[in-house]
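User: I have a fold to go through before planning bench work. Please take my questions one at a time, with short reasoning.

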Amino acid sequence: MRPLKGAVILGAAVAFAAPGFAADKPLWHEHAAPEARLTLNQGRKWPTDAPLRQGMENIRAALAGGMDDAALAKDVRTEVADIVQKCRLEPAADAQLHVVLIQLLAGAEAMEGKVQGESRGDGLERIAKALSAYGRHFDHAGWRDL
């Protein structure tokens with residue numbers, strides 16, 4: 001993970017995971033480049049490591065488990081913070097992962113009703129789409145879409 005980019009994402013993840021976090025505008029909006037798109041690694045999926053795979057499995061299980069919005073949003077933020085702290089990918093794969101993590105955080109925020117113009121259902125859908133995109137772009141043996 002590149003130090004500056006990692007610090008920005010880590011700061012966002014920790015802020016979202018912190019109890020009682022509130023902001024006038026969502027933090028992830030400031031760090032998500034609108035042109036950021038997921039791409040494959042020369043036609044192949046990006047490599048993963050054990051902390052990333054475990055965190056993404058945990059998020060998928062939480063979403064599949066039918067948790068209430070607040071609990072799911074909290075779990076997503078906690079898992080993203082853990083992924084950012086423990087995951088060690090090469091810089092290009094890391095940059096692609098950040099696109100997914102930002103979408104997960106955005107979904108969590110919408111589920112909490114913090115994103116104007118987005119419903120809680122929109123947040124749930126955003127999380128599900130981020131998980132699906134992760135599966136299409138990252139090498140995670142046994143990954144199943146919802």
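## Side chains, core and fold

User: What is the relative accessible area of Asp82?
Analyst: Buried means under 20% relative accessible area, exposed means over 50%, and partly exposed lies in between (1.4 Å probe, protein chains only). Asp82 counts as partly exposed. Its relative accessible area is 28%.

User: What kind of model is this, and which pLDDT must side-chain atom pairs reach?
Analyst: Residues are numbered from 1 along each chain as its sequence is written, and side-chain values use heavy atoms, without hydrogens or water. This is a predicted model: totals for chains, interfaces and linings use all residues, local features need pLDDT of at least 70, and side-chain atom pairs need pLDDT 80 or more.

User: Which residue does Asp82 meet in a salt bridge?
Analyst: A salt bridge puts a side-chain nitrogen of Lys or Arg within 4 Å of a carboxyl oxygen of Asp or Glu. Here the N to O distance is 3.1 Å. The two residues sit four apart in helix H4, so about one helical turn separates them. The partner, partly exposed at 46%, is Lys86.

User: How many helices and how many strands does the chain have?
Analyst: Both are DSSP runs numbered from the N terminus: helices are H or I with at least four residues, strands are E with at least two. From the N terminus on, the elements run α-α-α-α-α-α. The count is six helices and zero strands.

User: Which residues touch the most other members of the largest nonpolar core?
Analyst: A nonpolar core is a set of buried Ala, Val, Leu, Ile, Met, Phe, Trp, Tyr and Cys residues joined through side-chain atoms within 4.5 Å. The largest one here has 28 residues. The members touching the most others are Leu52, Met56 and Leu104.

User: Which helix gives the most residues to this core?
Analyst: H3 (50-64), H4 (69-86), H5 (91-111) and H6 (120-137) each supply at least two. The top contribution is eight residues. It comes from H5.

User: Which residues does Leu104 contact, leaving aside its neighbours within four places in sequence?
Analyst: Contact means heavy atoms within 4.5 Å. By that test, the partners of Leu104 are Met56, Ile59, Val76, Val80, Ile127, Ala130 and Leu131.

User: How far apart are the end C-alpha atoms of H5?
Analyst: Expected span is 1.5 Å times one less than the number of residues. For the 21 residues of H5 that gives 30 Å. H5 is also mostly covered, with 17 of its 21 residues buried. The end C-alpha distance agrees with the expected span: 30 Å.

User: Which residue just after H5 takes a positive phi?
Analyst: The phi value is about 75°. The residue is Gly113.

User: Which three residues form the aromatic cluster?
Analyst: Rings of Phe, Tyr and Trp (its six-membered ring) pair if their centres lie within 6.5 Å; planes under 30 degrees apart are stacked, over 60 edge-to-face, the rest tilted. There are two pairs. Tyr134 and Phe138 have centres 5.4 Å apart and planes at 15°, so they are stacked, while Tyr134 and Trp143, at 5.0 Å and 80°, are edge-to-face. The cluster is Tyr134, Phe138 and Trp143.

User: How many residues apart are Arg77 and Glu112?
Analyst: These two form a salt bridge, with closest N and O atoms 2.2 Å apart. Arg77 is buried at 7%, whereas Glu112 is partly exposed at 22%. The pair links distant parts of the chain: Arg77 lies in H4 and Glu112 in the loop between H5 and H6, a separation of 35 residues.

User: Which residue forms a salt bridge with Lys129?
Analyst: The closest N and O atoms are 3.0 Å apart. Lys129 is exposed at 53%. Its partner sits four residues away in helix H6, about one helical turn. That partner, partly exposed at 41%, is Glu125.

User: Which residues do salt bridges with shared partners join into one network?
Analyst: The structure holds five salt bridges. Those with shared partners link Arg77, Glu112 and Lys114.

User: What share of the chain counts as buried?
Analyst: The chain has 146 residues. Among contacts with a separation of 6 or more, 74% join residues 24 or more positions apart. The buried share is 43%.
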